[in-house]
Amino acid sequence: MRIFGIDPGIAIVGYGVIDYKGNNFKVVDYGVITTPASMSPQQRLKKVYDELTNILIEYKPDAVAIEELFFNKNVKTAIQVGQARGVEILAVMNQNIDLFEYTPLQVKQGVVGYGRAKKKQVQEMVKMLLNLKEIPKPDDAADALAVAISHAHSGQFDKLFEMK
């Protein structure tokens with residue numbers, strides 16, 4: 001199964017592509033889509049949509065996992081990121097790919113096994129699980145890979161509870 005993880009954003013959108021077979025992971029690619037603050041909000045959203053669409057077409061994932069937003073302070077940032085997340089969801093849906101959403105707590109649980117894990121613990125587990133020499137950079141790409149890993153692990157649990 002090819003899984004595409006997204007760490008949503010407007011300035012930086014992290015993405016990670018992994019293949020998952022059995023209990024083995026293989027990194028296909030990871031990176032970020034960036035938009036400069038000098039662009040208009042509309043141009044930024046279009047750039048995110050266009051680039052994400054092209055990446056989805058290139059890698060043809062079986063499923064996409066995206067992190068839900070968690071904000072408690074800056075309302076303006078939350079609205080901008082929320083708009084970007086909507087555009088990211090639209091890009092996935094327009095490619096007819098199954099989309100799954102995970103809270104930050106679920107991602108930590110799925111990668112580390114503990115929902116209150118620190119960011120560094122999650123990054124170290126991403127490195128270990130994907131057999132990488134170093135933690136993926138930037139952080140947004142590592143976060144997107146964590147979302148993809150979390151989806152792979154949640155799929156395993158679904159199979160355990162299937163009715164036969």
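The protein contains five helices and five strands, where helices (H or I, at least four residues) and strands (E, at least two) are DSSP runs numbered from the N terminus. The structure is a predicted model, in which local features need pLDDT of at least 70, side-chain atom pairs count only at pLDDT 80 or more, and totals for chains, interfaces and linings use all residues. Residues are numbered from 1 along each chain as its sequence is written, and side-chain values use heavy atoms, with hydrogens and water left out.

Along the sequence, the elements follow the order β-β-β-α-β-α-β-α-α-α. The radius of gyration, taken over C-alpha atoms, is 15 Å, close to the 15 Å that the globule rule gives for 164 residues, so the protein is as compact as a globular protein of that length. The globule rule is 2.2 Å times the number of residues to the power 0.38. The C-alpha trace spans about 50 × 35 × 35 Å along its principal axes. Of the 164 residues, 41% count as buried, that is, under 20% relative accessible area with a 1.4 Å probe and protein chains only. Among contacts (heavy atoms within 4.5 Å) with a separation of 6 or more, 59% are between residues 24 or more positions apart.

The N-terminal part of the pattern consists of three successive strands. Strand β1 (residues 2-7) runs antiparallel to β2, to which six bridges join it; two strands are taken to pair if DSSP finds at least two bridges between them. Within this pairing, G5 has G16 of β2 as its bridge partner. Four residues form the hairpin connection from β1 to β2. Strand β2 (residues 12-21) is mostly covered, seven of its 10 residues being buried. On pairing with strand β3 (residues 24-34), β2 is again antiparallel, here over 10 bridges, and Y20 is matched with F25 of β3. The hairpin between β2 and β3 has two residues between the strands, and G22 in the turn has a positive phi of about 65 degrees.

Helix α5 (residues 139-160) includes H151. This histidine is buried, with a relative accessible area of 6%. Apart from neighbours within four places in sequence, H151 is in contact with I3, A63, A65, F100 and Y102. Of these residues, I3 is one of the contacts of H151 and falls in strand β1, which covers residues 2-7.

Terms used. Buried < 20%, exposed > 50% of the residue type's maximum accessible area, 1.4 Å probe, protein only.
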